[in-house]
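Visitor: I would like to go through this model term by term and hear what each label rests on. Where do we start?

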Amino acid sequence: MKVLMKKDLNKVGKRGEIVDVSDGYGANYLIPRGYGVLYTEAARKEYERELAKEREIERQKAQKAQEVAKKLEGITLEFEAPSGRRGEMIGTVSSKEIVETLKKRYDILIDKKMIVDKNTIVNGFGTTTLKLELYKGVFGNVKIHVSLKEKK
């Protein structure tokens, strides 16, 4: 029996492959559990349509990520922090604060997991550039400026 694999299955085949398996294994295990479908010309065409649809969705997501990256280029997030006795910043600007500020002020939704280098989370006064991976291979930069919080 020839089966068109819909999911990867160890030692049988990868998604999109046409594998030759015993009739019982294909009919009783692979097909009922959704690992594959009986290979026919119609099944192959349906699989190709699914792939084309997935590629289009991926392209749209990448395009949206590029648009967000362009928006981020002109943004500088402003934060204030207190200083210690020697003038160094107390605490850090967390990734959660950055995500919330982007959402509130600019209506840009990102996940804190998108921050590429966690070590550059702001822990000093001045301006820092934070790199974000918005989608596979699509990167954006946002500037973060931390100023001294005035004591009252």
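Guide: With a cut-off: a residue is called buried when its relative accessible area is under 20%, exposed when over 50%, and partly exposed in between. The model itself is predicted.

Visitor: Why is Ser83 called buried?

Guide: Ser83 has a relative accessible area of 15%. The limit for buried is under 20%, so Ser83 is buried. Ser83 sits in the loop between β4 and α3.

Visitor: Which residues is Ser83 in contact with, leaving aside its neighbours within four places in sequence?

Guide: Glu88, Ile90, Phe125, Leu148 and Lys151. Contact here requires heavy atoms within 4.5 Å.

Visitor: What makes Tyr25 partly exposed?

Guide: The relative accessibility of Tyr25 is 31%. Partly exposed covers the range between the 20% and 50% limits, so Tyr25 belongs there. Tyr29, with a relative accessible area of 28%, is therefore partly exposed as well.

Visitor: Is Tyr35 buried or partly exposed?

Guide: Tyr35 has a relative accessible area of 19%. Buried means under 20%, so Tyr35 counts as buried.

Now the rings of these residues. A search of the whole structure gives two aromatic pairs. One of them is Tyr25 with Tyr29, at 5.4 Å centre to centre and 10° between the planes.

Visitor: Why is the pair of Tyr25 and Tyr29 called stacked?

Guide: Rings pair if their centres lie within 6.5 Å, and planes under 30 degrees apart count as stacked. Tyr25 and Tyr29 have 5.4 Å and 10°, so by the definition they are a stacked pair. Both residues lie in helix α1 (residues 23-30), four residues apart, which is about one turn of the helix.

Tyr29 also forms a stacked pair with Tyr35, with 5.9 Å between the centres and 15° between the planes. Ring pairs thus link Tyr25, Tyr29 and Tyr35 into a cluster.

Visitor: How do you know that Lys7 lies over the face of Tyr35?

Guide: The distance from Lys7 to the ring centre of Tyr35 is 5.5 Å. A charge over a ring must have NZ of Lys within 6 Å of the centre, and also within 35 degrees of the ring normal. Lys7 is listed as lying over the face of Tyr35. Lys131 is placed likewise over the face of Phe139, at 4.6 Å from the ring centre.

Visitor: What makes β1 and β2 a pair of strands?

Guide: Two strands pair if at least two bridges are found between them. β1 (2-5) is joined to β2 (residues 18-20) by three bridges and runs antiparallel to it, so by that rule the two pair. Within β2, Lys2 has Asp20 as its bridge partner, and Val3 stands opposite Val19.

β1 also pairs with β3 in the antiparallel sense, over three bridges. Here Val3 stands opposite Leu38.

Visitor: What order do the strands of this open sheet have?

Guide: The order is β2-β1-β3, with antiparallel pairing. β2 and β3 are the edge strands, each pairing on one side only.

Visitor: Why is the pairing in the other open sheet called mixed?

Guide: That sheet has the order β4-β6-β5. β4 and β6 (residues 138-148) run parallel, joined by six bridges. Strands of a sheet can pair either parallel or antiparallel. The pairing in the sheet as a whole is mixed. Among the bridge partners in β6 are Val146 for Phe79 and Lys143 for Thr76.

Visitor: Which face of β4 is covered?

Guide: The covered face has Leu77, Phe79 and Ala81, while Thr76, Glu78 and Glu80 make up the uncovered one.

Visitor: How do you know that the span of α2 is close to the expected one?

Guide: α2 has 33 residues, and its first and last C-alpha atoms are 48 Å apart. The expected span is 1.5 Å times one less than the number of residues, which for α2 gives 48 Å. The two values therefore agree closely.

Visitor: What does α2 lie across?

Guide: In one sheet α2 (residues 41-73) lies across β5 and β6, at about 170° to β5. In the other, α2 lies across β1 and β3, at about 10° to β1. Its buried residues include Tyr47 and Leu72, and the buried residues of α2 pack against β1, β3, α3, β5 and β6.

Note on methods:
Residues numbered from 1 in each chain as written. Predicted model: local features only at pLDDT ≥ 70, side-chain atom pairs only at ≥ 80, totals over all residues. Heavy atoms only, no water. Buried < 20%, exposed > 50% of the residue type's maximum accessible area, 1.4 Å probe, protein only. Axes fitted to C-alpha atoms, helices over the stretch in contact; angles between N-to-C directions. Phe/Tyr/Trp six-rings, centres within 6.5 Å; stacked < 30°, edge-to-face > 60°.
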